[in-house]
Amino acid sequence: MNSPLLQNTIVIGMQWGDEGKGKIIDWLAQDAQAVIRFQGGHNAGHTITTLRKKLILHLIPSGALNPECQCVIGNGVVLSLQALNTEMAMLKENNIDLAERLHISLNCPLLLPSHEVLDKASDSIGTTLRGIGPAYEDKVARRGLRVGDLLDEKFFCQKASDLLDYHNFLINHYYHQKPVTPNRVIDTCLNLSEKILPLLCDVAMRLHEWHTNKKRLLFEGAQGVLLDIDHGSYPFVTSSNTVAGNAAIGTGFSPLQFNQVIGVCKAYTTRVGEGPFPTEEHNTEGEILRQKGEEVGATTGRQRRCGWLDLFTLRRMVLINSITEIMLTKLDVLDSFAEIPVCIDYSADKTPHYINLPGWQIMTHAVNRYNDLPTQARGYIEYIEDFIGVPITVVSTGKIREHIIVRHSDPYLAAEDQR
Ligand code: GDP
Ligand code: IMO
Ligand code: MG
């Protein structure tokens, strides 16, 4: 394997999530000593497909299938004990052993069942209904519980009881729904924490130690930059910062130590949930993308909305995130089109302007050498690269690890090539 990985690398989604981060990170992790999640929660659904199985990870980093890779959940992740236990059990059933290699920050905000009730009662934008927004609300309001609070049972019970009283007040009097039973929630947390407590640590210090020992660290983003709470399509966004800058905040790793930011970008665009999507196609072309791309949500099973690539927005996001290179996924999904529109500008009333690039109408599925791609497919890739100003170093042509084209194994050389 000849991955382009440098020492401390951030990988983020460049659109509204589901760009294929799971596949790319699993592949890159073959060369990394640790993969670290820094934001989001079990709203994420990162799919890893092998010849034998398909696994969907929600909280556990996508390095899990590499037995030598450490898996870390940083302080920026909102943690549901229930979801984490279920996922650990699922991996165990699949003979994936996480013993000694799963590390969880003491400072992760706890996501409680009552957060899920509040999310369901208040949702107006089509969230994943996992309780993510309400859990982040409590964190920012400084009333939330942290996973480290579980180490002191008496303190935990008191703090949880106060918080659940507050949640029940909202659930009952504001949303007119059935309240949760505080003692049951607290007991469940205590039971579920049994397997988690031994995994808690000071993640920031552990990462610094690994860095000093020259380990290669891979920081795994969830969602995508257009779902960022500050830079995305507010209010139709998630409740965390999904941009690269949050990799430092969500882990405690030093901002100056990152030297590579990889943007994972689908060769077209999808979105789950409500909100603006200017390049969406409501016609047969959108349907072809959905069918061929199997665009169904990995977490909620909802159909994904589909449309063309928005290069104008992508270029802006390259700048906001210091993207050093793009890894382009799902190129094979575009195989059947005679022409492929890409958005290059917007008019004052926000109507997208397109240029039509020639399609190739030849199967690219599983192609793993750049020169084996049809000329028009290479033209498509090179047009994007020229437009956004950073190299596309890797192209994915199918679900499994082997369906990948490595164009440049050194992104800095690639950048030189561009000039
Ligand atoms: P993530 O949330 O960014 O990890 O992406 P998801 O796992 O939610 O969705 C991506 C979907 O596309 C998954 O079903 C992957 O197996 C699949 N996928 C990833 N890369 C490719 C590719 O290059 N071609 C095709 N056809 N499917 C891909
Ligand atoms: P991955 O990591 C796609 C979307 C939801 C909704 C909005 C807010 O698999 O790319 P939330 O539950 O976070 O409060 O929902 O964000 N959303 C995602 N869309 N992929 C995801 O994760 C998503 N996580 C959240 O559909 O529109
Ligand atoms: Mg996903």
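Which residue in β16 is the bridge partner of M327?

The model is predicted: local features need pLDDT of at least 70, side-chain atom pairs count only at pLDDT 80 or more, and totals for chains, interfaces and linings use all residues. Residues are numbered from 1 along each chain as its sequence is written, chains are lettered from A and ligands numbered from 1 in the order in which they are written, and side-chain values use heavy atoms, with hydrogens and water left out.

**Exercise 1. Place M327 in its sheet.**

Step 1. The bridge partner of M327 in β16 is V394.

Step 2. Strands β13 (residues 325-329) and β16 (residues 392-396) pair in the parallel sense over three bridges. Strands are DSSP runs of E with at least two residues, numbered from the N terminus, and two of them pair if DSSP finds at least two bridges between them.

Step 3. Both strands belong to an open sheet of 10 strands with mixed pairing, in the order β7-β6-β5-β2-β8-β1-β9-β13-β16-β17. Because β7 (200-201) and β17 (404-406) each have a single partner strand, one side of each is left without a neighbour in the sheet.

**Exercise 2. Describe the sheet that contains β14.**

Step 1. The order is β12-β14-β15, an open sheet of three strands with mixed pairing. Its edge strands are β12 (309-310) and β15 (352-358), each pairing on one side only.

Step 2. Strand β14 (residues 339-346) runs antiparallel to β15, with seven bridges between them. Y346 has P352 in β15 as its bridge partner.

**Exercise 3. Describe the surroundings of ligand 1.**

Step 1. Of the 19 residues around ligand 1, K21, G22, T47, D332 and S396 come nearest; a residue counts as near if one of its heavy atoms lies within 4 Å.

Step 2. By class, this shell has two nonpolar, nine polar and eight charged residues.

Step 3. Look for polar contacts, pairs of N or O atoms within 3.5 Å. An oxygen atom of ligand 1 lies 2.8 Å from a backbone N or O atom of G22. For R304, a side-chain N or O atom is 3.0 Å from a ligand 1 oxygen, and for K330 the distance from a polar side-chain atom to a ligand 1 oxygen is 2.9 Å.

Step 4. Taken alone, ligand 1 exposes 590 Å², of which the protein buries 94%; areas come from the Shrake-Rupley method with a 1.4 Å probe.

Step 5. The elements giving two or more residues to the shell are α1 (21-28) and β3 (46-49).

**Exercise 4. Follow β3 to its partner.**

Step 1. A hairpin leads from β3 to β4 through four residues.

Step 2. Four bridges join β3 to the antiparallel strand β4 (residues 54-57), and I48 stands opposite L55 in β4.

Key
A polar contact is a pair of N or O atoms within 3.5 Å; within protein, one must be able to donate a hydrogen and the other to accept it, and residues adjacent in sequence count only if both atoms are side-chain atoms. Ala, Val, Leu, Ile, Met, Phe, Trp, Tyr, Cys and Pro count as nonpolar, Asp, Glu, Lys and Arg as charged, and the others, Gly among them, as polar.
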